[in-house]
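Here are some exercises to work through with the model open on your screen. Try each task before you read its solution.

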Amino acid sequence: MNRRDLLLSGAAIAAVAGAAATLRMGGPAKAAETFEVTKTDTEWHAILSDEAFNVLRKEGTEYPGTSPLLNEHRKGIFACAGCDLPVYSSETKFESGTGWPSFWQEIANAVGKTEDRSLGMTRTEVHCRRCGGHLGHVFDDGPAPTGLRHCINGVALSFKPATA
């Protein structure tokens with residue numbers, strides 16, 4: 001192998017790695033979106049736990065079965081933990097058996113959706129429409145009336161009980 005072939009091979013590897021990173025981060029569609037609430041990573045770190053930062057800002061996933069919100073059964077609203085936008089109602093929460101809080105529908109105009117091609121599959125990623133925080137994914141194996149299952153990271157949410 002000569003020097004030119006080595007450099008071209010390195011450039012090809014870098015291009016593939018860059019494309020993979022773009023797909024993992026929600027692709028160009030999400031990157032092109034603008035959000036009402038924007039902060040630097042330092043500002044997000046100041047208001048979020050390390051785990052919430054990893055999920056909301058770095059599109060991580062919490063371990064299944066670890067969220068206290070998994071067993072939250074009171075009436076109320078689930079809001080984005082990053083900007084406090086109401087995103088799901090307890091009226092649409094159901095027990096999916098997956099280990100993450102699940103909902104069959106979001107609150108109107110609360111979330112954005114993008115295609116996520118990470119992990120060798122195509123999924124629909126759900127994010128807060130106001131701050132862009134990653135919430136989870138939507139699958140088509142949920143209950144009626146929508147047939148959808150919004151599989152949401154509990155650390156991406158806060159819960160506000162309904163007042164009597």
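A residue is called buried under 20% relative accessible area, exposed over 50% and partly exposed in between, using a 1.4 Å probe and protein chains only. The structure is a predicted model, in which local features need pLDDT of at least 70, side-chain atom pairs count only at pLDDT 80 or more, and totals for chains, interfaces and linings use all residues. Residues are numbered from 1 along each chain as its sequence is written, and side-chain values use heavy atoms, with hydrogens and water left out.

**Exercise 1. Get your bearings.**
Find how many helices and strands the protein has, and in which order they run.

Solution. Step one: helices (H or I, at least four residues) and strands (E, at least two) are DSSP runs, numbered from the N terminus. Step two: counting them gives 4 helices and 9 strands. Step three: reading from the N terminus, the order is α-α-α-α-β-β-β-β-β-β-β-β-β. To finish the overview, 40% of the 164 residues count as buried.

**Exercise 2. Assemble a sheet.**
Work out the strand order of the open sheet formed by 3 strands, and name its edge strands.

Solution. Step one: two strands pair if DSSP finds at least two bridges between them. Step two: the order is β2-β1-β9, with antiparallel pairing. Step three: β2 and β9 each pair on one side only, and these are the edge strands. Step four: look at β1 and β2, which pair in the antiparallel sense over 3 bridges. Here F78 has Y88 in β2 as its bridge partner.

**Exercise 3. Follow the rings.**
Classify the ring pairs F78 with F159 and Y88 with F103.

Solution. Step one: rings of Phe, Tyr and Trp (its six-membered ring) pair if their centres lie within 6.5 Å; planes under 30 degrees apart count as stacked, over 60 as edge-to-face and the rest as tilted. By this rule there are 3 aromatic pairs. Step two: the centres of F78 and F159 are 4.7 Å apart and their planes stand at 50°, so this pair is tilted. F78 sits in strand β1 and F159 in strand β9, 81 residues apart. Both F78 and F159 are buried. Step three: for Y88 and F103 the centres are 4.4 Å apart and the planes at 20°, so this pair is stacked. Because Y88 lies in strand β2 and F103 in strand β4 (residues 102-103), the pair ties together parts 15 residues apart in sequence. Y88 is buried, at 0% relative accessible area, and F103 is buried at 0% as well. Step four: ring pairs join F78, Y88, F103 and F159 into a cluster.

**Exercise 4. Map the core.**
Which residues have the most contacts inside the largest nonpolar core?

Solution. Step one: a nonpolar core is a set of buried Ala, Val, Leu, Ile, Met, Phe, Trp, Tyr and Cys residues joined through side-chain atoms within 4.5 Å. Step two: the largest such core has 25 residues, and V87, Y88, L135 and L157 have the most contacts inside it. Step three: the elements giving two or more residues include α4 (50-58), β6 (123-128) and β7 (134-139). The largest share, 4 residues, comes from α4. Step four: take L157 and list its contacts (heavy atoms within 4.5 Å). Leaving aside neighbours within four places in sequence, these include F78, V87, F103 and L135.

**Exercise 5. Inspect a loop residue.**
Is N153 buried or exposed?

Solution. Step one: N153 lies in the loop between β8 (149-152) and β9. Step two: its relative accessible area is 3%, so N153 is buried. Step three: beyond neighbours within four places in sequence, N153 contacts several residues, among them V55, W100 and L135.
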